[in-house]
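Student: Please give me a close look at the cysteines, taken slowly. After that, I would be glad if you carried on into the backbone and the strand pairing.

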Amino acid sequence: MRSTTSSRMRHLAAGVVMGLLVVAQGLVASTSAEAALLDTPARTWGVGPAGPTAATDGSPRVLAILPVGDRIVVAGTFDSVIDPAGKLYPAKNIAVFSASTGAADLTFAGSANNTVTSLATDGTSTVYLGGTFGTVNGEVRKGLAALDLNAGGQLLGWAPAIVAPGQVDSLTYAGGAVFAGGNFAGITSTVAGTSATSRPYLAKVDGVTGAVAGSWVPTPNDRVRSVTPAVDGTGRLFVGGDFTTVSGRASTNKIAAVAQAGTGALDPTFKAVANNQKTYSPVYDLVSDGTRLYSAVGGSGGACTAMSATTGALAWSDRSNGNLQSVRLSGGLLYCGGHFSGTGSFAGQARQKLAAVTPATGALTAFAPNINSSQGVWAMASDATRVYIGGDFSSVSGTPQPHFAMFIDSAAQTAPQAPAGVVAAGGDAVVHLSWSPPSSDGGSALTKYRLYRATTPGGENLTKTPLASLSKTTLAYDDLAVTNGTTYYYVLVATNALGTSPTSPEVVANPHQAVVLTAPGAPTGVTAAAAPGSVNVSWSPPASTGGTSITQYRVYRGTTAGGEDLATPVATTTGTTVDVPTSTAGQTYWYVVTAVNAVGEGPASAEASAVSQAGGPGECQMSGSIDPTGAPVLTWTIPADGGSPITKYVVLRDSVRLVTLSATPTGPTTYTDTTLTPGSTGVYQVKAVNAVGSGPLSSKVTLTAP
């Protein structure tokens, strides 16, 4: 169950072998020139659940790791990711971290409904997935899929599918193609109406279209667990696994070299040798530096083995007491990870699931982290200064590491960058401060934040005791030792084992007494003045707005003193005057007004009253349609009568009276114009009339007779 980096990543990983001093029993002491990966992981992060290891059921378990620039894609079987601050975020079997900070990339939305066993990249933003899944991002993808890393894990249209039974164990990208190995019955594709199916166990798929190369037929006779391109310019692909023949050749037991192009022809000059003492054992992972091919070998015990990348001749083999699952190059050393542990567990020495050797001789170095759990390491990845491991473990060298860890060259570690996004906000006798973690922790876990304060710009003294020393998981602080009306200046630094970050940009805050907001007071100076058909109500703003702007005034009415219906306003406005229509001439109306702000509605004002006068009717609200005969049909509402009964309705067409209709209390409210010539257009209005006069014309309605 392997992950393989692109050839570009492999060139970065392959370094010059550093000077080494060989001592008793193959143990190697580092000289000053040797790269020095620390035994203790650089930070705490991982996948969840974060509880005890679960080697028995394989969940959670990291099975594939892929560095892509500063981003680290992690895959396997899990339902959450855990960042260095200990925060858990949902993630289903695939996630992305920042290599420099450890922060989980929360913009990445990729997910798979089942285990992701392998990853590969085209070196840009496309990440290929292999595994046992049936859907990715909710869409059908059977064992293979592609995501756009820059688009937050957007699913691409690349959709070859494995033929059941089986799964994809390993992926690699080379020459524009994705090479997949596993125990599948085949891989099938249909592109532009053309279908193709690969042979079992090993397949070549176009990296853009997803089309299976049906003519590429190396034909191993059993499971392929690892695929990796040669990096010597020969255009070969190394494959390893459980098979005993490739292309029918017996000299290909467990490992072979085939052409990436054409039919996948076997390279007959590369001949497999016994890779575990005299035994041909399953190969779980491969990596090459151009001269040598290194393999992680299982079987009876296990072995980390080196052979010639040209001929397959054995160079050396370090035995272990458990399967080797992964091999990776970094900083001039070869790292071997697997399930071994205890006294004499690797090359005759005690190692706990992970060891480092010199690629030239296989001699063991002093690198000896202690990885817990019965099975430990299942996947590895590397870049120029870091080695990543994933598996079943929950701690490394006594440091909590939920199933994922990073070791970094000590020479690459630095003090962290400054904390980001520092904000200060003044409150009542308090300054609230908040921030985000640094853009880089320097490759060493953060230890503390230190907060400094001054009362003059730039006056913070970092040589003195800080205002506060805070844990690495703290991202906010309330400064209570402040005086309202005083301006305070703050800077923040982060620390790790290497030192102290630069100061953050200075932030400033001024604490102040809190303003208590209330509902506004009552409006003042309310007056009511009758006019025909309405009463004008006016007022002045309240003496107190409640500390925030007035957003509305509400007018209430009653027909007796104190009888206003305070549940239903008769008018609302943002101004200080409004005309309220009346319906009964000679009726005395009583009015109160309230003010409203963001807090709520204030008390009612003093009353004002007026005796209504008859006026013209209100405005009719008219609409129109065409009936089945093609005649325009006009419909309107009965308006307020202004205190005097409506006596008639006048309908106008094109601003000329069309008809006058006698009125009753219930209408009429409709009229059909049978005089409009077919094909002609009429513009209609209507108005109501009472003994006082005419109401306003309605809005215009335009209708065309068919």
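Tutor: Let's begin with Cys-304, which is buried at a relative accessible area of 0% (buried is under 20%, exposed over 50%, and partly exposed in between, with a 1.4 Å probe and protein chains only). Please keep in mind that this is a predicted model, where local features need pLDDT of at least 70 and side-chain atom pairs count only at pLDDT 80 or more, while totals for chains, interfaces and linings use all residues. Residues are numbered from 1 along each chain as its sequence is written, and side-chain values use heavy atoms, leaving out hydrogens and water.

Which residue does Cys-304 join through a disulfide? The partner is Cys-336, with the two sulfur atoms 2.1 Å apart; a disulfide here is a pair of cysteine sulfur atoms within 2.5 Å. Applying that rule gives a count of one disulfide. The link between Cys-304 and Cys-336 is left-handed, with -60° about the S-S bond. Cys-304 belongs to strand β26 (residues 302-308) and Cys-336 to strand β29 (residues 333-338), so the pair ties together parts that lie 32 residues apart in sequence. Strands (E, at least two residues) and helices (H or I, at least four) are DSSP runs, numbered from the N terminus. Cys-336 is buried too, at 0% relative accessibility. Another cysteine to find on your screen is Cys-620, which counts as buried at 1% relative accessibility.

Now for the backbone, beginning with the cis peptide bonds. The bond from Ala-164 to Pro-165 is cis, with omega near 0°. Pro-165 sits in the loop that runs between β15 (161-163) and β16 (168-174). If you step from that loop into strand β16, you come to Asp-169, a residue that is buried at 0% relative accessibility. Further along the chain, Gly-667 and Pro-668 are also joined by a cis peptide bond, with omega about 5°. The loop that holds Pro-668 lies between β55 (656-662) and β56 (670-672).

Two serines deserve a look for their phi angles. Ser-373 is not a glycine, yet its phi is positive, at about 90°. You will find Ser-373 in the loop between β31 (364-365) and β32 (377-382), where its relative accessibility of 15% makes it buried. Ser-397 likewise has a positive phi without being a glycine, here of about 50°. Its loop is the one between β34 (395-396) and β35 (399-400). With a relative accessible area of 29%, Ser-397 is partly exposed.

That brings us to the sheets. Strands of a sheet pair through backbone hydrogen bonds, either parallel or antiparallel. In this description, two strands pair if DSSP finds at least two bridges between them. One open sheet has four strands in the order β9-β10-β13-β14, paired antiparallel. At its edges are β9 (116-121) and β14 (154-155), each of which pairs on one side only. Inside that order, strand β10 (residues 126-131) and strand β13 (residues 144-148) run antiparallel and are joined by five bridges. To trace one of the partnerships, go to Leu-129, whose bridge partner in β13 is Ala-145.

Finally, let's visit strand β57 (residues 681-690), which is mostly covered, with seven of its 10 residues buried. What does β57 pair with? Strand β54 (residues 646-653) is one partner, antiparallel over seven bridges. In that pairing, Leu-652 stands opposite Gln-685 in β57. Strand β58 (residues 701-704) is another partner of β57, again antiparallel, over four bridges. There, Val-683 stands opposite Thr-702 in β58.

One more pair of positions helps with orientation. Val-555, in strand β47 (residues 550-558), is buried at a relative accessible area of 0%. From Val-555 to Val-651 the separation is 96 residues in sequence and 34 Å in space, C-alpha to C-alpha.
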